[in-house]
Structures are given as structure tokens and as C-alpha cells.
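Trainee: I should like to understand how the terms applied to a structure are justified. May we go through them one at a time?

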Amino acid sequence: MEKIKIFDLTRQVHVLKDDIEEALWSTLSSGQFILGNHVSAFESEFCDYLGCRYAVGVGSGTSALRLAYLAIGLKSGDRIITTPTTYVATAMAAAIHGGVPDFVDINPENGRMDVNQLRERLRNAKRQGTLKQYRAIVPVHLYGYPENMTEILSVSETFGIPVIEDACQAHGGWFSLKGKKTMAGTAGHLGCFSFYPTKNLGAYGDGGMVVTDNPELAQQVRMLRNYGQKEKRHTHFMIAGNNRLDEIQAAWLRKKLPHLSNYNRRRREIAAYYTSQFASLPIIPPPEDQEGEYSVSHLYVIQTDQRASLQAYLSEHGIGTAIHYPTPIHLQPAFAYLGFSTGDFPNAERFAKRVLSLPMYPELTDAEVETIASAVKDFF
Ligand SMILES: *Cc1c(COP(=O)(O)O)cnc(C)c1O
């Protein structure tokens, strides 16, 4: 039996019990279950938190990505460009609509997009006259560590290709852009968030959000989430499905949003402790914040050559771990039709063989964190 689980969502529920009951009852007694006051209030509170102009609540992070891709005009055959080292949804959300995921490799140290490769890829596309196939660059703030947005936005400007940030793991993270503090998700043309239960801001079910400063894009996403309707019902301006954020999820997300900064602080404290304890071990710890960067440790992921034996050892000692993610996207069977093979993105492939996620959630006690760190040290 693993005494310390990789995630434990029940602890937080006990702490927030009164708030959750109040949110539940206020929704039930309002009789409004679809796009009611909680969804619109949460959208504006999330905007305030991020310092952006528009937020549109949707059904999941995957829906957020799908609708963002469609809002910037993704059509069948268009390419989006990301890395193979992310959750599969980043690419699948485009592929569902006939988009073609394209990849650049990662920096082996920190899992971030190799921006030189990105620039090279687009330069070649320009030379070959295929640049207009590229609809979006999609940086992912993987594990809560900010992507190199200054560089990526400069590539975006050079080639005239919009940026859609996958901020599904980075609620509350920020970085400095032209000297200005900028929240993850608000630097690109559109930003996408997931409220999957284990995320830094998690619902008790599915949920997601698209954010932007652009009123037309916000309007597009609003129509795409609700059968092509604008504010008024029964006039449909486009073919679109039902991709709405649930009222009840919005109700308790509103209760949790005020805690997000504290949760992130605690995650960072745990991450800093782990990293301080692992200094002399033969592992690569997660990247440290660069100047003007604030990561939010969605996951604490180390790289080691001895992953399988470390994972087994920790399990024997009652500590749960996980692998995010064991197969890089270009090698997933679902994407075999893209024609990639082993060796195409060597850094991503090596990373996938070496990563191991240790328990990381704000409710871990100091004693548990110490137990985990000691067990890792004992193994080595
Ligand atoms: C969780 C996640 C998603 C998908 O979000 P869902 O709400 O589960 O659909 C997309 N991208 C990344 C990087 C994620 O971590």
C-alpha cells in the first residue's frame, strides 16, 4: 500500500467542505444550471486574476484548445507546431478538426521548446512556400514552468503566426515580457486552461477556460462553445457544438480561486525542498526560475537513468510516483499516420524514458515531503 499517494484530492475537500457545500447549495437553489451567474462571475474573476480582458469558460482544457484553434481559423490540413513532450491533448485538439500536428524537439535539460529549431522550421517553410500552412505556434508551460515566451513571441512576429499558449499546467505562473510581469496564458493571442481536478486550480469534474485580449477572438470562442450563438439565443451564426463550462464547476472554482496563490506558494516550497535535498544526486531536477520567472510546480519531475528501479523502490516504501509522459506524442499509435518514427525527436524520446514525477500537491505535510526526499536519497 502506498501511504503517500502521487495525488490526494480528498484532503483539500475536507478543508473546503463548508465553502463547497455553500457553492453547491447556491447553485441548486438558483435553478440555473447552464451558463448562469457563477460562470460569468468566475470568468470575470479569472480575468482579474490574470490581468486579461476576456475569459470564456468551456467544458475542459481540451475544449479550450479546440476552440482556440478554431477561433484563429484552423482548417483541415493546417499545421500547428508544438513539442512531442506534452500531454497528448495539445496535439489531439488540433487533429480532431483535421489539423496536422507538427513538432520541434525540446531542450534536453528542461523540456522546453527548442526555439532555434522552431525558427529553422519556419524559415524552411517560408523558403519552400509552405509557411501559410502554419496556423499556430503552441508553447506549453510544461509542469508549471514558464516557456521562453520572449523568444517564441519574437518568432511569432517574424513569421506572422499566432501563438496559442497551452497553460493547462500553469495557473498563476508568470514571466517577464519586455520588463512587464505577464501571467502564463496571457502572452499569446489566446491562452488555454484546464480545471481537471489535479491541476493547480482544479474543479470536481471537467472544466476549462480560453483567455484573450482580443474581442473578436473572444466572441468567436463564445459562439463556438454554445451552438454558434452570441448573447441572444436562437440565432446561430456558425456550426458549433456544446462546449460550455458547467455552472456547478464554476461555483466551486470561484471558491477555490482565492486560494490559488497560496496553493502555488506551497507547491514552490515543496519543490525547493526536494531540489535542495537532491543537490548531490545523479539526477536532473526541474529547472530553477530564471530572473523574472515564477513557476508553479504543477508537477515535480526529475530525470534519472534509473527510473524503473527508483520507482519500484519508492513504491516498496509506500510512496506513489507517476510518469508524465511515457510516450512522446509523435510515437503514439494514434499519430502513426503522421509518419514520424523513433529518432525523429531524440531529446523528447530520451526525456520520456527518464522522467519521474514525485508527489506534488499543496496538502502534503512537511513530514511526508521529508519522507519522500529521504527515500530518494536512500535509493541513490
Ligand atoms: C490537462 C492538460 C490538457 C487537457 O485538459 P483537460 O481538461 O483534461 O481536457 C491539455 N494540455 C495540457 C498540457 C494538460 O496538462
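Mentor: The following exchange concerns the ligand and one pair of strands. This is a predicted model, in which local features need pLDDT of at least 70 and side-chain atom pairs count only at pLDDT 80 or more, while totals for chains, interfaces and linings use all residues. Residues are numbered from 1 along each chain as its sequence is written, and side-chain values use heavy atoms, with hydrogens and water left out.

Trainee: What makes T62 a polar contact of the ligand?

Mentor: A polar contact is a pair of N or O atoms within 3.5 Å. A polar side-chain atom of T62 lies 2.6 Å from an oxygen atom of the ligand, so the pair meets that definition. For D166, a polar side-chain atom lies 2.8 Å from a nitrogen atom of the ligand.

Trainee: How much of the ligand does the protein bury?

Mentor: Taken alone, the ligand exposes 380 Å², and the protein buries 92% of that (accessible areas come from the Shrake-Rupley method with a 1.4 Å probe).

Trainee: Which residues surround the ligand?

Mentor: There are 15 of them, and the closest are G61, T62, Q169, S194 and K199; a residue is near a molecule if one of its heavy atoms lies within 4 Å of it. Helix 4 gives the largest share, three residues (helices are DSSP runs, H or I, of at least four residues, and strands are runs of E of at least two, numbered from the N terminus).

Trainee: Why are strand 6 and strand 7 called paired?

Mentor: Two strands pair if DSSP finds at least two bridges between them. Four bridges join strand 6 (residues 174-177) to strand 7 (residues 180-183), so the definition is satisfied. These strands run antiparallel, and L177 stands opposite K180 in strand 7.

Methods
A polar contact is a pair of N or O atoms within 3.5 Å; within protein, one must be able to donate a hydrogen and the other to accept it, and residues adjacent in sequence count only if both atoms are side-chain atoms.
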